[in-house]
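Let's take a walk through a protein together, one stop at a time. Have the picture ready and turn it around as you read.

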Amino acid sequence: MSQRVRRILIALCAAVVALVGTGAPVHAHGFASTAYADVKENDAGSPRTNVALEYDLLVVSAADAAHDDALFREGTTAFETGDARSRATVLDARADAVVGYVTDRFSLSSDGHPCTPRRHGGFSMTRRDGALYAVLALDWTCAGGDAELEVRSTLFPDAERYVKGTKTIVTYEVDGLTGSAALDAAHPSFLIGQSWYQRFWEFFRLGAEHLLTGIDHILFLLALIAGSRSPREVVLVATAFTLAHSVTFLLAALGLVEVPAAVVEPVIALSIAVVASWHLWRLARHRDGAAEPPEPGGAGHFRLDRAGWSRLGVVFCFGLVHGLGFAGALGIEAAWSWTLLWSLLVFNLGIEAVQLAIVGLLFPVLAVLRRRSPRAGHWATGLVAAGVAVMGLTWFAQRLAGL
């Protein structure tokens with residue numbers, strides 16, 4: 001193996017390690033939580049927020065913050081065995097601790113002056129993305145007059161160690177302004193009168209970060225890249241994956257399609273193993289270590305052979321499932337609006353930008369390696385595919401077992 005080929009191979013491995021190193025632990029979606037806040041005006045013209053938080057996390061976190069053992073016992077029992085009414089009753093009975101916990105971490109301010117919250121009615125229960133959520137309505141009294149409202153959320157901080165990270169999705173309709181925003185630990189607040197490009201950046205960043213921290217989606221892309229025999233094929237499979245996950249992402253995020261995470265997550269893991277194993281099976285047909293033959297030309301504009309079309313179909317089907325996983329990060333449930341659709345599309349653009357960057361970075365390196373040393377390219381893609389397949393099968397087993 002020449003010195004130049006060896007350098008290319010080392011660069012490829014370093015790029016793969018760097019990409020995987022940006023990802024989250026095995027359960028890419030399991031340790032994160034999404035909170036939702038809807039900001040509108042009440043009958044008196046003051047701000048009213050409906051804050052939705054995962055019920056079990058809210059009970060544990062509020063009980064821990066207030067040192068309220070009764071809230072923990074009663075709340076967890078209601079979560080495991082009770083119905084919606086009994087769960088809401090527990091929160092109403094311990095409202096001081098729960099409301100105090102939320103309002104310490106979610107707030108409105110006007111002209112730099114904190115607004116004063118007051119609970120409106122009792123707690124209610126709902127479901128989002130298959131999870132049980134508690135909804136708290138708050139009316140706010142603001143001393144800043146007609147000044148612009150600032151929304152801040154630091155819900156479920158990392159120091160509590162129950163949640164790896166939380167994103168708060170805010171939708172608002174105040175003073176004739178409508179829109180949405182995404183808050184997290186790095187960007188905990190925003191002004192309701194923010195410009196369109198600020199809203200664009202927030203959702204673009206959210207989409208990009210979701211793909212970068214979703215190691216299962218990154219490994220699926222690595223399997224696609226390793227198994228593609230030509231630039232045409234990698235463009236086609238990436239396009240098929242993009243079209244498929246974009247369709248189900250929008251349908252699921254708008255609440256038109258709902259599939260339990262207990263089904264989606266194992267299938268995502270299985271898709272990683274299947275696509276990687278497909279490439280390993282193709283490599284196994286050339287056991288002498290020579291390079292696998294280039295993609296034969298087929299009929300039609302795409303010039304794919306039977307294996308290429310079959311792979312394209314499988315990628316499209318699995319892409320539909322990955323779209324449901326992407327939607328779980330956003331899961332906005334609101335009345336249809338162009339503002340909502342715009343936010344979803346920008347979120348998806350963030351996903352696509354990172355996806356294109358990964359393909360643009362790794363496939364040219366593989367292509368050069370295959371051209372300089374076909375045998376080295378054969379082994380490099382085989383090692384990548386084998387590692388990805390093992391991780392996919394491991395995750396599949398873990399997610400089926402609920403670990």
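How are α2 and α5 oriented to each other: roughly parallel or roughly perpendicular? Keep in mind as you look that this is a predicted model. Two packed helices are described by the angle between their axes and the distance between the axes. Here, helix α2 (residues 55-66) and helix α5 (residues 95-105) pack at about 95 degrees, and their axes are 9 Å apart. Angles from 65 to 115 degrees count as roughly perpendicular, so α2 and α5 are roughly perpendicular to each other.

Now zoom in on where those two helices touch. On the α2 side you'll find Leu-58, Ser-61, Ala-62, Ala-65 and Ala-66, while α5 brings Ala-97, Val-98, Tyr-101, Val-102 and Arg-105. Sort the residues of this contact by character and you get eight nonpolar, one polar and one charged.

Let's step back for the overall picture. The protein has 403 residues, and 49% of them count as buried. Its secondary structure comes to 12 helices and 11 strands. Take the contacts between residues at least 6 apart in sequence: 75% of them join residues at least 24 apart. As for the outside, the accessible surface is about 18600 Å², and 61% of that belongs to carbon and sulfur atoms.

Next stop: the sulfur link. The structure holds one disulfide, and it joins Cys-115 to Cys-142, with 2.1 Å from S to S. Which parts of the chain does the pair link? Distant ones: Cys-115 is in the loop between β4 (113-114) and β5 (116-119), Cys-142 is in the loop between β7 (131-141) and β8 (149-153), and the two are 27 residues apart. The link of Cys-115 and Cys-142 is right-handed, with 110 degrees about the S-S bond.

Are the two cysteines equally hidden? Buried means under 20% relative accessible area, so Cys-115, at 7%, is buried. Cys-142 has 24% relative accessibility and therefore counts as partly exposed.

Finally, look for Phe-363 in helix α11 (residues 338-372). Its relative accessible area is 7%, which means that Phe-363 is buried. What is Phe-363 in contact with, leaving aside its neighbours within four places in sequence? The answer is Ile-225, Ser-228, Ser-230, Pro-231, Val-234 and Arg-370. You can also find Leu-222, which is 141 residues from Phe-363 along the chain, yet the C-alpha atoms of the two are separated by 9.2 Å.

Definitions and conventions:
Residues are numbered from 1 along each chain as its sequence is written. This is a predicted model: local features need pLDDT of at least 70, side-chain atom pairs count only at pLDDT 80 or more; totals for chains, interfaces and linings use all residues. Side-chain values use heavy atoms; hydrogens and water are left out. A disulfide is a pair of cysteine sulfur atoms within 2.5 Å. Helices (H or I, at least four residues) and strands (E, at least two) are DSSP runs, numbered from the N terminus. Buried means under 20% relative accessible area, exposed over 50%, partly exposed in between (1.4 Å probe, protein chains only). Axes are lines fitted to C-alpha atoms, for helices over the stretch in contact, and angles run from 0 to 180 degrees between N-to-C directions. Angles under 35 degrees count as roughly parallel, over 145 as roughly antiparallel, 65 to 115 as roughly perpendicular and the rest as oblique. Contact means heavy atoms within 4.5 Å. Ala, Val, Leu, Ile, Met, Phe, Trp, Tyr, Cys and Pro count as nonpolar, Asp, Glu, Lys and Arg as charged, and the others, Gly among them, as polar. Accessible areas come from the Shrake-Rupley method with a 1.4 Å probe; for residues, only the protein chains shown count as cover.
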